[in-house]
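Student: Please show me the structure, and let us discuss how its elements are identified.
Tutor: Certainly; here it is.

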Amino acid sequence: MAVSTSQHALISIKPRCASSFGYDKKSANVRFVSATNCCPTSRKLGLVYASNSQSSVIEPTQLPSNPESGSTPKKSSESALILIRHGESLWNEKNLFTGCVDVPLTPKGVNEAIEAGKRICNIPVDVIYTSSLIRAQMTAMLAMMQHRRKKVPIIVHNESERAHQWSQVYSEETKKQSIPVITAWQLNERMYGELQGLNKQETADLFGKDQVHEWRRSYDIPPPNGESLEMCAERAVSYFKDQIIPQLVAGKHVMIAAHGNSLRSIIMHLDKLTSQEVISLELSTGIPMLYIFKEGKFIRRGSPAGPSEAGVYAYTKNLAKYRQKLDGMV
């Protein structure tokens, strides 16, 4: 299915003999520019930019073309997109409305994240996107620790100039063995307003089962002072289009560790679900879902099988080749 993407400009600068950093105080944007030592020609470079509301790392990228300009982007043969709902949280265990309250995983949730990592341990990952909430970040980190490539996931800190500068990695070899982890509040769970912290069963007893069901499962009716699924989808899908699709177009393999409602919103966009279809969509904690982005279309491949089951590696020729490469490294 075709997808729409936002336009962004590539940055091309003259070669330098060292890496440099920049910070635009007016726009609160942080820029990272990397250049090889005294290269003879200019090269296309990516931007790392951030504000108080979001952050993003863009590697050298060929982005979607402007139909009016007649230019056509060079597309990779295919890219992998992995979606993982975080493992069980402490408030999941207690049957409380969690929303945007920042609570960690239970021991069961930790195990779910580890098992999710084992399922995707042979699928390439170049960049990780996660929400600003710890349960999603824990899931992303624990999952990537199971990957056979053994790259280290590193959270990118662009919330301030000092955070950006103090978290820099100055070894090019170490950078090659790392995976950037981008946090974004737009991928947060739906904000449940005045329901946050309440017991779900007790809330149903107080307000009535039908009323609570409407708050939880309707598409456009929010709980008191909270978000509807429609409102959550507006921010999550917008971020996905603006920040993540360009990475896939550039040939990057992306993992998103997020939440039930933010991921339902993205899946609604990918699978072109109606508002009625998405409200019945259930996502289990800690179960990854694989999509292949190819020729501008997203192809759902379901949940990868365990690492010992060969079927998952036959999903595409490129994934099979990637596993053979990992086997060769071992």
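Student: How do you know that the span of helix H11 agrees with its number of residues?
Tutor: Helix H11 (a DSSP run of H or I, at least four residues, numbered from the N terminus) has 13 residues, 317-329. The expected span is 1.5 Å times one less than the number of residues. That gives 18 Å, and the end C-alpha atoms are 19 Å apart, which agrees. This is a predicted model, in which local features need pLDDT of at least 70, side-chain atom pairs count only at pLDDT 80 or more, and totals for chains, interfaces and linings use all residues. Residues are numbered from 1 along each chain as its sequence is written, and side-chain values use heavy atoms, without hydrogens and water.

Student: Which residues of H11 are buried?
Tutor: Leu319, Tyr322 and Leu326 are buried, that is, under 20% relative accessible area, where exposed means over 50% and partly exposed lies in between (1.4 Å probe, protein chains only). They cover an arc of only 55 degrees around the axis, so they lie on the same side of H11; the arc is that of the directions from the helix axis to the C-beta atoms. On the other side, Lys317, Gln324 and Gly328 are exposed.

Student: What do the buried residues of H11 pack against?
Tutor: They pack against strand E12 (288-294), with contact meaning heavy atoms within 4.5 Å; a strand is a DSSP run of E, at least two residues.

Student: Why are strands E9 and E13 said to stand at the edges?
Tutor: Seven strands form an open sheet, E9-E10-E8-E11-E7-E12-E13, with mixed pairing. Two strands pair if DSSP finds at least two bridges between them. E9 (152-155) and E13 (297-302) each have a single partner strand, so one side of each lacks a neighbour in the sheet.
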